[in-house]
Amino acid sequence: MLIATIGASLSMDRNANNWTALLAAGLRVGKQSAVQVANFGMQGTASNYWISAGWVERAAVIRPDICLIDSTCDANTSQNISLAQALANLYAMVDAVQARNAAVKIFLLTMNHMLPAATQFTSVTSYYAQLPTVKANRSNVDIIDCYTAWGDPSLHPSEYGSDPIHPLLAGNLRVTIPIISAALAGLIS
């Protein structure tokens, strides 16, 4: 079972000890299938870059069984990606991955709440609000919502260091990994 992740620092690693590798290890427990995760994208960038630099095509070429797309970075005001462009980019990413493997199951991710100091992400919920539109207009697309379950980050201060955007491993162990594991477990034999 091959899982491709397209995204930036929230899905790549940063402070969280490579949580996608921990996700894969947990999904292997009690299963016959090997589970591997390949990460595509680059921290500090967003969907315009992932498409133009070929990261989405690299993810598509490996023909993953599952593809996780975290486009949270599109909501970063420094990226200058409008809601309309973010939606168009989501469609482009889904279409590129499905063009190589029509059977791929794609999950659009909502990630963690950020601390109030992360002022460049104040409109993230507007970007997340577009995900159901993509799900409704493309086959084999679903949404995994970690954002809601994450809750108020001030209630879990040990999950953040001095960085208001990227949680530490503790937060991903509490929320992200269990929620994504539960969504994917039934797809792995």
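## Helices α2 and α9

Helices α2 and α9 lie oblique to each other, because their angle falls outside the classes of roughly parallel (under 35 degrees), roughly antiparallel (over 145) and roughly perpendicular (65 to 115). This is a predicted model, where local features need pLDDT of at least 70, side-chain atom pairs count only at pLDDT 80 or more, and totals for chains, interfaces and linings use all residues. Residues are numbered from 1 along each chain as its sequence is written, and side-chain values use heavy atoms, leaving out hydrogens and water.

Helix α2 covers residues 19–28 and helix α9 residues 169–184. They pack at an angle of about 45 degrees, with axes 10 Å apart. From α2, the contact (heavy atoms within 4.5 Å) takes Trp-19, Leu-22, Leu-23 and Leu-27. From α9 come Leu-169, Asn-172, Thr-176, Ile-177, Ile-180, Ser-181 and Leu-184. Eight of the contact residues are nonpolar, three are polar and none is charged.

## The nonpolar core

The largest nonpolar core has 59 residues. Such a core is a set of buried Ala, Val, Leu, Ile, Met, Phe, Trp, Tyr and Cys residues joined through side-chain atoms within 4.5 Å. Ile-6, Leu-68, Ile-69, Ile-106, Leu-108, Ile-180 and Leu-184 touch the most other members. Helix α5 (residues 83–100) gives the largest share, eight residues.

What does Ile-69 contact, leaving aside neighbours within four places in sequence? Its partners are Ile-6, Leu-90, Met-93, Val-94, Ile-106, Phe-107, Leu-108 and Leu-109.

## Pro-167

Pro-167 sits in the loop between α8 (147–150) and α9. Its relative accessibility is 4%, so Pro-167 counts as buried (under 20% relative accessible area, 1.4 Å probe, protein chains only). Pro-167 and Ser-181 lie 14 residues apart in sequence and 18 Å apart in space, C-alpha to C-alpha.

Terms used: Axes are lines fitted to C-alpha atoms, for helices over the stretch in contact, and angles run from 0 to 180 degrees between N-to-C directions. Helices (H or I, at least four residues) and strands (E, at least two) are DSSP runs, numbered from the N terminus. Ala, Val, Leu, Ile, Met, Phe, Trp, Tyr, Cys and Pro count as nonpolar, Asp, Glu, Lys and Arg as charged, and the others, Gly among them, as polar. Buried means under 20% relative accessible area, exposed over 50%, partly exposed in between (1.4 Å probe, protein chains only).
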